[in-house]
Amino acid sequence: MSVEKVLELIKENAIQFVDFRFVDLAGRAHHITLPSTEVEAETFENGVAFDGSSIAGFRGIEESDMVMMPDTGSVYVDPFTDHPTLNIMCDIYTPDGERYDRDPRGIAQKAEEFLQTAGVGTDAFFAPESEFFIFDDVRYESGMNKSFFEVDSEEAAWNTGRKEEGGNLGFKIGVKGGYVPVAPVDTQQDIRSEMVRLMQESGLRVERHHHEVATAGQAEINFRFDTLTKTADNLLKYKYIVHNVARQYGKVATFMPKPIFGDNGSGMHVHQSIFNNGEPLFYEKGAYANLSQMAMHYMGGVLHHAPALIALTNPSTNSFKRLVPGYEAPVNLVFSKGNRSAAIRIPVAAVTPKGCRIEFRTPDSTANPYLAFAAMLLAGLDGIKRKIDPVALGYGPFDKNIYELSDEDKKEIRSVPGTLDEALDALEADSEFLTEGGVFSEDFVQNYVAFKRQETKAVSIRVHPHEYSLYFDC
């Protein structure tokens, strides 16, 4: 969309405010709002200034001036504001006009540029399945003398005996019993449908929604694939709508990977493929799962670099509470067709040549999508460049339930890192594939690791409530 068309859109829709947004290192959106009367063609040429030193992981106070440059292809009308508002994503630049090398959105764009210069294809397509919980109540505290969390949901398994409903109406969802039941067991049909309606109005092409496996309101809404940066933009829009519709219904949504103990966590399975001028490059009829040799090498790169990748695709200490056996979590670094116990699944049901793809099931939604998608693409491209054969390296195929293998057989299978610190160690040891073509800078990798180490230390030095259960009577 041209600048002229954006200005016309502002007039035609009586837009009163324009919201300029950017994303930080952790993947959270920030915004500065201008009255529409102050938005002119020059705004798009000169950008909007902001203080980079106030954004964690960006710049020091001595070099804090930064500029948001609006991307006119990302505009949509905000569905929640009382005053008509147009939202627009921005790229981050330094005052002298240079792209800021710690801007996650800029990194995503450089990854797409690198794909084209590498001569592999013209477009990388991504489609995340971002799961979340919808709770009725959340309480938490972490202090010097007290630490706890508590969440609640009207449909949770632990509420079969609750009296506060004015007469318990039953139909609670059991542990691991929440996959696609109808009402009245599924209490959240209308709230998910409202989320979908607003997503569609905001430009997302939504394919379906349903209740997910876990008790206590786990949900999934799937939107259609797009190119790398556009999909990351769409995921931020998706999360924004999910969070705010939940708030409108008097509930709260979270994309935290493991908010409750003893049931499935929330993942973000990422489907991905490469096209060249509209032609799919991952399809070869008759091959294993109809995957081309290029797709196999791409998959080999993802699996080979997975320990380092996971520092970007599962970048929270809570991520590793989900990545444990027994809860449909893909902890095994292998591939398989149609097998959800493998880190990479190749979908085979009703797949066309253009729909042929791989699904990396390990990521979760604490990931910054711009960084995660870019890193996955670079790992795959490294696999193509080096012709990494996942079969020869023992990554599969494993067309059986890996959770049921003997302990002896499981010893031959690589697993994901056990903690965020281990993943960060892997990233420090294996980051050259990220810096290929200058997509990620070495400064970015070092800064990112230091940023995340602060989180791991903050968690590790605090007293955990379960330690009282284990040790208080010693």
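## A walk around helices H7 and H11

Start by selecting helix H7, which is mostly covered: eight of its eight residues are buried. Keep in mind as you click around that this is a predicted model. The buried residues of H7 are Ala306, Pro307, Ala308, Leu309, Ile310, Ala311, Leu312 and Thr313.

Now add helix H11, residues 420-429, to your selection alongside H7, residues 306-313. The two axes come within 7 Å of each other and cross at roughly 120°. That angle makes H7 oblique to H11. Which hand does the crossing of H7 and H11 have? It is left-handed.

Show side chains where these helices touch. From H7, pick Pro307, Ala308, Ile310 and Ala311; from H11, pick Ala423, Leu424, Ala426 and Leu427, which they meet. Try colouring this contact of H7 with H11 by residue type: you'll get eight nonpolar residues, no polar ones and no charged ones.

Stay with H11 and look at which of its residues are hidden. Leu420, Ala423, Leu424, Ala426 and Leu427 are the buried ones. Turn the view until you look down the axis of H11: its buried residues fall within an arc of 155°, so they line one face of the helix. Spin to the face turned away from that buried side and you'll find the exposed residues Glu428 and Ala429. What covers the buried residues of H11? The cover includes H7, along with helix H8 (319-322), helix H12 (432-435) and helix H13 (442-460), so switch those on too.

Next stop: alanine 26. Look for it in the loop between strand S1 (17-23) and strand S2 (29-35). Is alanine 26 buried or exposed? With a relative accessibility of 17%, alanine 26 counts as buried, the cut-off being under 20%. Leave out its neighbours within four places in sequence, and alanine 26 is in contact with Thr366, Asn368 and Phe451. You can also draw a distance line from alanine 26 back to alanine 308: their C-alpha atoms are 17 Å apart, while 282 residues separate them along the chain.

Move on to the loop between helix H9 (369-386) and helix H10 (407-410), where asparagine 401 sits. Asparagine 401 is partly exposed, at 34% relative accessible area. Draw another C-alpha to C-alpha line, this time from asparagine 401 to valine 416: it spans 17 Å, for a pair 15 residues apart in sequence.

There are two more things to click in the loop between H9 and H10. One is proline 397, which is found in this loop; the peptide bond leading to it from glycine 396 is cis, with omega near 5°. The other is lysine 387, also placed in the loop between H9 and H10. Lysine 387 has a positive phi of about 55° although it isn't a glycine, and at 58% relative accessibility it counts as exposed.

For another cis peptide bond, jump to alanine 183 and proline 184, where omega is about 5°. Proline 184 lies in the loop between strand S9 (147-152) and helix H4 (189-201).

Finish at asparagine 277, in the loop between strand S14 (268-276) and strand S15 (279-280). What is the phi of asparagine 277? It is positive, about 50°, although the residue is not a glycine. Show the surface here as a last step: at 64% relative accessibility, asparagine 277 counts as exposed.

Terms used
Residues numbered from 1 in each chain as written. Predicted model: local features only at pLDDT ≥ 70, side-chain atom pairs only at ≥ 80, totals over all residues. Heavy atoms only, no water. Axes fitted to C-alpha atoms, helices over the stretch in contact; angles between N-to-C directions. Helix = DSSP H or I, 4+ residues; strand = E, 2+ residues; numbered from the N terminus. Parallel < 35°, antiparallel > 145°, perpendicular 65-115°, else oblique. Left-handed = near helix turned anticlockwise from the far one by under 90°. Contact = heavy atoms within 4.5 Å. Nonpolar A, V, L, I, M, F, W, Y, C, P; charged D, E, K, R; others polar. Buried < 20%, exposed > 50% of the residue type's maximum accessible area, 1.4 Å probe, protein only. Arc of directions from axis to C-beta.
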